[in-house]
Amino acid sequence: MCGIVGYAGSLEAAPVLLKGLEKLEYRGYDSAGIAVIQGDKIDIAKAAGKLQVLKDLTANGEKVPGHVGIGHTRWATHGEPSDVNAHPHLSNSGRFAVVHNGIIENYQQLKEMLQKKGFSFISQTDTEVIAQLVEYFYQGDMLDTMIHLLNVLEGSYSLGVLSADEPERFYAVRKDSPLVVGLGQGENLIASDVPSLLAHTQEVCYLEDREIVIIASDRVRIFDTNGDEKPVRSTHIDWDVSAAEKGGYEHFMFKEIMEQPQSLQKTVSPRLKDGGIVLDDFHITREMLQNTSKIYIVACGSSYHVGVVGKYVLESTTRIPVEVDIASEFRYRQPIIDERTLMIVISQSGETADTIAAMREGKAQGARVLAIVNVLGSTIAREADDVLYTWAGPEIAVATTKAYSTQLVVIDLLALKFAELLGTMPEEELAAYCEALANLPAQVEDVLADKEKIQYWASQLYNKHSIFFIGRNLDYAVAMEGSLKLKEISYIHSEAYAGGELKHGTISLIEQGTLVFTLATYQPLVEKIKSNAEEVRARGAYLVSVAVAGDKQMAAVSDVVFSVPKTLPLLQPSLTVIPLQLFAYYVASQKGCSIDQPKNLAKSVTVE
């Protein structure tokens, strides 16, 4: 999970590259580097640590002149973070420079071959192999060299390549790793993600796998592996530059938490009409659903937790069996799939490597694939049979908040649409759910208005070493997300458990002062979770509950209660999760953690 950028234009390249890398630092922040062509020489500057180290080293790019260059921010996979292992990597002659996002699976065999040919290596990375291969293959034709690379490299990768012999342009290619071309006026760019391009253009081209692009200031050309030229496909991005800025907030994560009412509004409102659901890019019919024997929901991380909510919601509304799978496990367990299988894949970026691989496995076995993604034109969006976009806007913080929330409401919309098609929900109930969905943004705003209370209790409880989250049914699904949010940005050990499982072993971990979050918003099971809360409190737990406003039962057994508005049962997770996001944020802030860029994590996981 690394970020790459490239620029060709009339501006000095280095400052543009550094600003582009700022927008990609969520993809990796172990080290960073840039390479710029000046005359017939490639100048490189790179450094271990966060991007600011490189900015200081280059005086914000002023020390590296030139109008064509490539840059990289790294999340280490091969070789520890260091100046030597940082990208870009040079070939032995210094005539070629390479930046790389992904993993080269056969790099060791290629390295041994090159060493026998007399090439030497100074880093521990798989990427340096690519730089030496470029030099090995180069016979005066860079396009032919790039085709040779595609034919021998195994794994997932996107590459940016400079040649000192062609100082007015650079080359790029992608295979199973994201790469976007920015189509500007008198300048053209590449980046791993759209936010890096927005300061220059809102017209982009999403490269297909195994496409090679040549970037010059006045022209973009795309070729396939036969050397045949292909048309440049332009897509307009309606995000503006400010959408990828902090806008006065201290952290992107807090900004994105506070943006959730607007993101939900954008995602839900266009899809509600006359008490029913209208979905764009959706072609599933009643007959298809009636012929569906099983639904798989496949995702990673927080998107997987959305899937767990989705299982409860979809089974309740459609009565079709639903299985939820972690994408990295799905294709290795020989899943039972046929043409009667519907597969729902969820990914914020639409470029999550494990999810893409699982999706392709499902399609190969005959499943119909419906994707829930945030990024227009992403790999998953292009390859799925149906796509539902979340319209959350760019999400920069590594820990997802608004993407998770918008995925939740898309799952709700989908479940209601299925129920509408199948006739499994009475019309008046469907209309009530549509009305409740329309009210969610305002209710989320009400929860956010209570943030000072959550901030206060975070300041009192931030020094806990281990925290447990318990819930039942939908509350258990949300507990999983609350636990993940806390651990990924505050580094506190936390676990989520189904309330009924406590007595089967977990309760042995409860001792005097153990902090337990009890989620008690799923109304049909409040009595049950209240009993679980009393069990842990009797053993010394300090109990923080998330409950529906006015719930006196939970107030009576809790030390602290965070209240949320009441909505219809299947929609309650959209409100329950908000205090958990805020608590995690304020705890991490109290501890002085790097909130937007937590250690060892990157946002878009584009390697397996």
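Author: Let's start with a convention: a helix axis is a line fitted to C-alpha atoms over the stretch in contact, and angles run from 0 to 180 degrees between N-to-C directions. This is a predicted model. In it, the axes of helix H4 (residues 127-137) and helix H5 (residues 142-152) come within 9 Å and cross at roughly 125°.

Reader: Why is H4 called oblique to H5?

Author: Roughly parallel needs under 35 degrees, roughly antiparallel over 145, and roughly perpendicular 65 to 115. A crossing at roughly 125° fits none of those classes, so H4 counts as oblique to H5. The crossing is also right-handed.

Reader: Which residues of H4 and H5 meet?

Author: From H4 there are Ile130, Leu133, Val134 and Phe137, and they meet Met142, Thr145, His148, Leu149 and Val152 of H5.

Reader: On to the rings. How many aromatic pairs are there?

Author: The count comes to 15 aromatic pairs. One of them joins Tyr249 and Phe254, with 5.7 Å centre to centre and 70° between the planes.

Reader: What makes the pair of Tyr249 and Phe254 edge-to-face?

Author: Two checks settle it. Ring centres must lie within 6.5 Å, and planes over 60 degrees apart count as edge-to-face. At 5.7 Å and 70°, Tyr249 and Phe254 pass both, so the label is edge-to-face.

Reader: How do you know whether Tyr249 and Phe254 are buried or exposed?

Author: Buried means under 20% relative accessible area, exposed means over 50%, and partly exposed lies in between. Phe254 has 12%, so it is buried, whereas Tyr249 has 33% and is therefore partly exposed.

Reader: And what makes the pair of Phe469 and Phe517 stacked?

Author: Their ring planes are 15° apart, with 5.0 Å centre to centre. Planes under 30 degrees apart count as stacked, so the 15° decides the matter. This pair links distant parts of the chain: Phe469 is in strand E23 (residues 466-471) and Phe517 in strand E25 (residues 515-520), 48 residues apart. Both Phe469 and Phe517 are buried.

Reader: How do you know that the charged end of Lys599 sits over the ring of Tyr491?

Author: For a lysine, NZ has to be within 6 Å of the ring centre and within 35 degrees of the ring normal. The charged end of Lys599 is 4.5 Å from the centre of the Tyr491 ring. Lys111, too, lies over a ring face, that of Phe121, at 5.2 Å from the ring centre.

Reader: Now the backbone. Which peptide bond is cis?

Author: The bond from His87 to Pro88, with omega near 0°. Pro88 belongs to the loop between strand E4 (68-74) and strand E5 (89-90).

Reader: Why is Arg210 called partly exposed and Arg319 exposed?

Author: The cut-offs for exposure are 20% and 50%. Arg210 is at 31%, so it falls in between and is partly exposed. Arg319 has 65%, so it is exposed. Phi is positive at each: near 70° for Arg210 and near 65° for Arg319. Arg210 lies in the loop between strand E11 (203-206) and strand E12 (212-216), while Arg319 is in the loop between helix H9 (301-318) and strand E19 (322-326).

Reader: One last case: what makes Gln348 count as buried?

Author: Its relative accessibility is 15%, so Gln348 is under the 20% cut-off and counts as buried. Gln348 lies in the loop between strand E20 (341-347) and helix H11 (353-364).

Notes:
Residues numbered from 1 in each chain as written. Predicted model: local features only at pLDDT ≥ 70, side-chain atom pairs only at ≥ 80, totals over all residues. Heavy atoms only, no water. Phe/Tyr/Trp six-rings, centres within 6.5 Å; stacked < 30°, edge-to-face > 60°. Buried < 20%, exposed > 50% of the residue type's maximum accessible area, 1.4 Å probe, protein only. Helix = DSSP H or I, 4+ residues; strand = E, 2+ residues; numbered from the N terminus. Left-handed = near helix turned anticlockwise from the far one by under 90°. Contact = heavy atoms within 4.5 Å.
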